[in-house]
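Please open the model in your viewer, switch on a cartoon view, and keep the sequence panel beside it. This tour suggests what to select at each stop and then says what is there.

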Amino acid sequence: MESSSNLLDSEAGKRRLLSIEIPVIERYNEGRDPAYRIRLTRQGGGLLLRYALKPAHNRYDLETRLIASYPTVPPETRVLTPLRHCPHLLEGQTLCLWRQGSTRASSRWDPSRYTCVFAIQAAWRWLACYEIWHETGDWPLPEAK
Amino acid sequence: MDFRPLNDSERRQLLAALRGNVESDRVILMDRKDTSFVGTTDEVPDDEVISAIKSVPCHY
(Lines give C-alpha, C1' and ligand atoms only; values in the text may rest on other atoms or scores of the structure.)
Protein backbone atom coordinates (compact mmCIF):
# COMPACT_ATOMS: atom_id res chain seq x y z
CA MET A 1 0.00 0.00 0.00
CA GLU A 2 1.40 3.40 -0.97
CA SER A 3 1.53 6.01 1.75
CA SER A 4 1.24 8.87 -0.76
CA SER A 5 -1.77 9.42 -2.98
CA ASN A 6 -0.32 12.40 -4.79
CA LEU A 7 -1.86 12.64 -8.23
CA LEU A 8 1.33 13.45 -10.11
CA ASP A 9 3.96 11.69 -8.04
CA SER A 10 2.48 8.43 -6.82
CA GLU A 11 2.17 5.31 -8.93
CA ALA A 12 -1.55 5.19 -8.25
CA GLY A 13 -1.94 8.83 -9.28
CA LYS A 14 0.03 8.38 -12.49
CA ARG A 15 -1.91 5.24 -13.32
CA ARG A 16 -5.18 7.10 -12.81
CA LEU A 17 -4.04 9.92 -15.09
CA LEU A 18 -2.64 7.74 -17.86
CA SER A 19 -5.34 5.10 -17.94
CA ILE A 20 -8.45 7.16 -17.17
CA GLU A 21 -8.22 10.93 -17.08
CA ILE A 22 -5.94 11.70 -20.03
CA PRO A 23 -7.76 9.32 -22.43
CA VAL A 24 -11.14 10.76 -21.49
CA ILE A 25 -9.85 14.32 -21.99
CA GLU A 26 -8.46 13.35 -25.39
CA ARG A 27 -11.79 11.84 -26.33
CA TYR A 28 -13.63 14.95 -25.11
CA ASN A 29 -11.41 17.15 -27.28
CA GLU A 30 -11.86 15.08 -30.46
CA GLY A 31 -13.76 17.05 -33.09
CA ARG A 32 -14.37 19.95 -30.75
CA ASP A 33 -13.79 23.55 -31.78
CA PRO A 34 -10.42 24.68 -30.37
CA ALA A 35 -12.09 27.34 -28.22
CA TYR A 36 -14.05 24.63 -26.40
CA ARG A 37 -11.31 22.06 -25.88
CA ILE A 38 -9.86 21.26 -22.48
CA ARG A 39 -6.40 22.77 -21.95
CA LEU A 40 -4.36 21.08 -19.28
CA THR A 41 -1.62 22.64 -17.13
CA ARG A 42 0.25 21.45 -14.09
CA GLN A 43 -0.50 23.31 -10.87
CA GLY A 44 1.44 22.32 -7.77
CA GLY A 45 0.85 18.64 -7.13
CA GLY A 46 -2.26 18.62 -9.27
CA LEU A 47 -3.68 19.67 -12.61
CA LEU A 48 -5.72 22.59 -13.86
CA LEU A 49 -8.21 22.13 -16.69
CA ARG A 50 -9.29 25.24 -18.56
CA TYR A 51 -12.18 25.09 -20.99
CA ALA A 52 -15.34 26.86 -22.14
CA LEU A 53 -18.99 25.80 -22.12
CA LYS A 54 -21.96 27.26 -23.96
CA PRO A 55 -25.21 25.57 -22.88
CA ALA A 56 -27.26 28.23 -24.71
CA HIS A 57 -26.23 31.53 -26.30
CA ASN A 58 -23.60 32.60 -23.80
CA ARG A 59 -20.08 31.29 -23.58
CA TYR A 60 -18.56 30.76 -20.13
CA ASP A 61 -14.88 30.24 -19.36
CA LEU A 62 -14.22 27.80 -16.55
CA GLU A 63 -11.45 25.99 -14.76
CA THR A 64 -11.55 22.70 -12.92
CA ARG A 65 -8.83 21.96 -10.41
CA LEU A 66 -7.67 18.42 -9.72
CA ILE A 67 -5.71 18.83 -6.52
CA ALA A 68 -2.96 16.47 -5.40
CA SER A 69 -5.40 14.28 -3.48
CA TYR A 70 -7.73 13.88 -6.48
CA PRO A 71 -9.68 11.65 -7.12
CA THR A 72 -10.28 10.98 -3.42
CA VAL A 73 -11.09 14.67 -3.07
CA PRO A 74 -13.53 15.81 -5.76
CA PRO A 75 -12.57 18.27 -8.48
CA GLU A 76 -13.31 21.90 -7.80
CA THR A 77 -14.82 23.96 -10.59
CA ARG A 78 -15.17 27.71 -10.83
CA VAL A 79 -16.49 30.00 -13.52
CA LEU A 80 -14.09 32.70 -14.68
CA THR A 81 -16.73 34.65 -16.58
CA PRO A 82 -18.46 37.09 -14.21
CA LEU A 83 -21.82 35.80 -12.98
CA ARG A 84 -24.66 37.35 -11.04
CA HIS A 85 -24.87 36.10 -7.49
CA CYS A 86 -27.20 33.11 -7.52
CA PRO A 87 -28.01 29.92 -5.59
CA HIS A 88 -25.39 27.17 -5.44
CA LEU A 89 -22.53 29.56 -6.09
CA LEU A 90 -19.72 29.71 -3.54
CA GLU A 91 -16.95 32.21 -2.93
CA GLY A 92 -14.70 32.83 -5.93
CA GLN A 93 -17.51 31.72 -8.27
CA THR A 94 -16.87 28.12 -7.28
CA LEU A 95 -19.79 25.87 -8.17
CA CYS A 96 -21.49 23.97 -5.39
CA LEU A 97 -21.51 20.57 -7.05
CA TRP A 98 -20.50 17.90 -4.57
CA ARG A 99 -21.24 19.65 -1.28
CA GLN A 100 -17.64 20.70 -0.67
CA GLY A 101 -16.41 20.17 2.85
CA SER A 102 -18.73 17.26 3.43
CA THR A 103 -17.54 13.86 4.53
CA ARG A 104 -16.76 11.25 1.93
CA ALA A 105 -19.85 9.36 2.99
CA SER A 106 -22.17 12.25 2.19
CA SER A 107 -20.33 13.54 -0.87
CA ARG A 108 -21.97 12.93 -4.23
CA TRP A 109 -18.56 12.52 -5.84
CA ASP A 110 -17.67 8.87 -6.41
CA PRO A 111 -14.02 8.51 -7.53
CA SER A 112 -14.59 4.94 -8.65
CA ARG A 113 -17.26 6.01 -11.17
CA TYR A 114 -16.53 9.58 -12.22
CA THR A 115 -13.78 11.37 -14.13
CA CYS A 116 -12.84 14.99 -14.65
CA VAL A 117 -15.08 15.06 -17.74
CA PHE A 118 -18.01 14.08 -15.57
CA ALA A 119 -17.25 17.19 -13.50
CA ILE A 120 -17.33 19.27 -16.69
CA GLN A 121 -20.70 17.82 -17.58
CA ALA A 122 -21.95 18.65 -14.09
CA ALA A 123 -20.76 22.22 -14.63
CA TRP A 124 -22.63 22.34 -17.95
CA ARG A 125 -25.84 21.36 -16.19
CA TRP A 126 -25.20 23.97 -13.50
CA LEU A 127 -24.77 26.65 -16.17
CA ALA A 128 -27.98 25.54 -17.89
CA CYS A 129 -29.75 26.05 -14.56
CA TYR A 130 -28.08 29.46 -14.27
CA GLU A 131 -29.36 30.50 -17.71
CA ILE A 132 -32.92 29.76 -16.59
CA TRP A 133 -32.47 31.32 -13.15
CA HIS A 134 -31.12 34.48 -14.79
CA GLU A 135 -34.47 35.06 -16.50
CA THR A 136 -36.96 33.62 -14.01
CA GLY A 137 -35.31 34.07 -10.61
CA ASP A 138 -36.08 30.42 -9.82
CA TRP A 139 -33.43 27.73 -9.70
CA PRO A 140 -34.98 25.06 -11.90
CA LEU A 141 -33.82 21.95 -10.07
CA PRO A 142 -34.53 20.97 -6.49
CA GLU A 143 -31.67 20.85 -4.06
CA ALA A 144 -30.47 17.31 -3.52
CA LYS A 145 -30.91 15.95 -0.03
CA MET B 1 -20.34 39.82 -20.79
CA ASP B 2 -23.42 40.85 -22.73
CA PHE B 3 -25.85 38.22 -21.55
CA ARG B 4 -28.13 36.97 -24.31
CA PRO B 5 -31.20 35.38 -22.71
CA LEU B 6 -33.10 32.34 -23.86
CA ASN B 7 -36.36 33.03 -25.62
CA ASP B 8 -39.53 31.42 -24.19
CA SER B 9 -39.39 28.38 -26.43
CA GLU B 10 -35.70 27.76 -25.76
CA ARG B 11 -36.21 28.16 -22.03
CA ARG B 12 -39.08 25.67 -22.01
CA GLN B 13 -37.01 23.13 -23.94
CA LEU B 14 -33.99 23.48 -21.68
CA LEU B 15 -36.13 23.35 -18.55
CA ALA B 16 -37.86 20.20 -19.76
CA ALA B 17 -34.47 18.65 -20.53
CA LEU B 18 -33.10 19.45 -17.08
CA ARG B 19 -36.15 18.08 -15.33
CA GLY B 20 -36.22 14.97 -17.51
CA ASN B 21 -32.56 14.47 -16.66
CA VAL B 22 -33.24 14.57 -12.93
CA GLU B 23 -36.62 12.88 -12.77
CA SER B 24 -36.50 10.34 -15.59
CA ASP B 25 -32.77 9.86 -16.22
CA ARG B 26 -33.11 11.23 -19.73
CA VAL B 27 -29.73 12.07 -21.21
CA ILE B 28 -28.93 15.62 -22.31
CA LEU B 29 -26.85 15.89 -25.47
CA MET B 30 -24.46 18.74 -26.03
CA ASP B 31 -23.10 19.75 -29.40
CA ARG B 32 -19.84 18.04 -30.32
CA LYS B 33 -18.19 21.27 -31.45
CA ASP B 34 -19.28 24.03 -29.08
CA THR B 35 -21.09 22.22 -26.22
CA SER B 36 -24.42 23.95 -26.90
CA PHE B 37 -27.66 22.18 -26.03
CA VAL B 38 -28.81 19.78 -28.74
CA GLY B 39 -31.67 17.85 -27.16
CA THR B 40 -32.37 14.78 -25.06
CA THR B 41 -32.43 11.06 -25.66
CA ASP B 42 -32.95 7.77 -23.87
CA GLU B 43 -30.32 5.86 -25.84
CA VAL B 44 -26.82 7.18 -26.38
CA PRO B 45 -24.73 5.87 -29.31
CA ASP B 46 -21.19 4.91 -28.27
CA ASP B 47 -19.61 7.73 -30.23
CA GLU B 48 -21.74 10.31 -28.43
CA VAL B 49 -21.11 9.14 -24.87
CA ILE B 50 -18.56 11.87 -24.29
CA SER B 51 -21.16 14.54 -25.15
CA ALA B 52 -23.99 12.92 -23.20
CA ILE B 53 -24.88 14.29 -19.81
CA LYS B 54 -26.43 11.59 -17.71
CA SER B 55 -28.35 12.29 -14.57
CA VAL B 56 -25.75 13.99 -12.39
CA PRO B 57 -25.91 13.33 -8.66
CA CYS B 58 -24.98 16.88 -7.73
CA HIS B 59 -25.84 18.90 -4.69
CA TYR B 60 -27.95 21.43 -6.59
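Begin by selecting chain A, and bear in mind throughout that this is a predicted model. Chain A holds 2 helices and 6 strands, and if you follow the chain from its N terminus you will meet these elements in the order α-β-β-β-β-β-β-α.

While chain A is still selected, colour its residues by burial. Of its 145 residues, 52% count as buried, where buried means that under 20% of the relative accessible area is left. Turning on a surface for chain A, you are looking at about 6900 Å² of exposed area, of which carbon and sulfur atoms supply 51%. If you then display contacts within chain A and keep those with a separation of 6 or more, residues 24 or more positions apart account for 44% of them.

Next, hide chain A for a moment and select chain B. Here there are 1 helix and 3 strands, and from the N terminus on they run α-β-β-β. Reduced to its C-alpha trace, chain B spans about 35 × 25 × 25 Å along its principal axes. Among the 60 residues of chain B, 42% are buried, and the chain exposes about 3300 Å², with 43% of that area supplied by carbon and sulfur atoms. For contacts in chain B between residues at least 6 apart in sequence, the share that joins residues at least 24 apart is 25%.

Now bring both chains back and select residues 116–136 of chain A, which form helix α2, together with residues 8–24 of chain B, which form helix α1. At what angle do these two helices pack? The angle is about 135 degrees, and the axes of the helices lie 10 Å apart. Angles over 145 degrees would count as roughly antiparallel, and those from 65 to 115 as roughly perpendicular, so α2(A) and α1(B) are oblique to each other. When you rotate the view to look across the pair, the crossing in which α2(A) passes α1(B) is left-handed.

For the last stop, show side chains where the two helices meet. On the side of α2(A), select W124(A), R125(A), A128(A), C129(A), I132(A), E135(A) and T136(A); on the side of α1(B), the residues that they meet are R11(B), L14(B), L15(B), L18(B), N21(B) and V22(B). Coloured by residue type, the residues of this contact divide into 8 nonpolar, 2 polar and 3 charged.

Key:
Residues are numbered from 1 along each chain as its sequence is written. Chains are lettered from A and ligands numbered from 1 in the order in which they are written. This is a predicted model: local features need pLDDT of at least 70, side-chain atom pairs count only at pLDDT 80 or more; totals for chains, interfaces and linings use all residues. Side-chain values use heavy atoms; hydrogens and water are left out. Helices (H or I, at least four residues) and strands (E, at least two) are DSSP runs, numbered from the N terminus. Buried means under 20% relative accessible area, exposed over 50%, partly exposed in between (1.4 Å probe, protein chains only). Contact means heavy atoms within 4.5 Å. Accessible areas come from the Shrake-Rupley method with a 1.4 Å probe; for residues, only the protein chains shown count as cover. Axes are lines fitted to C-alpha atoms, for helices over the stretch in contact, and angles run from 0 to 180 degrees between N-to-C directions. Angles under 35 degrees count as roughly parallel, over 145 as roughly antiparallel, 65 to 115 as roughly perpendicular and the rest as oblique. A crossing is left-handed if the near helix is turned anticlockwise from the far one by less than a right angle, and right-handed if clockwise. Ala, Val, Leu, Ile, Met, Phe, Trp, Tyr, Cys and Pro count as nonpolar, Asp, Glu, Lys and Arg as charged, and the others, Gly among them, as polar.
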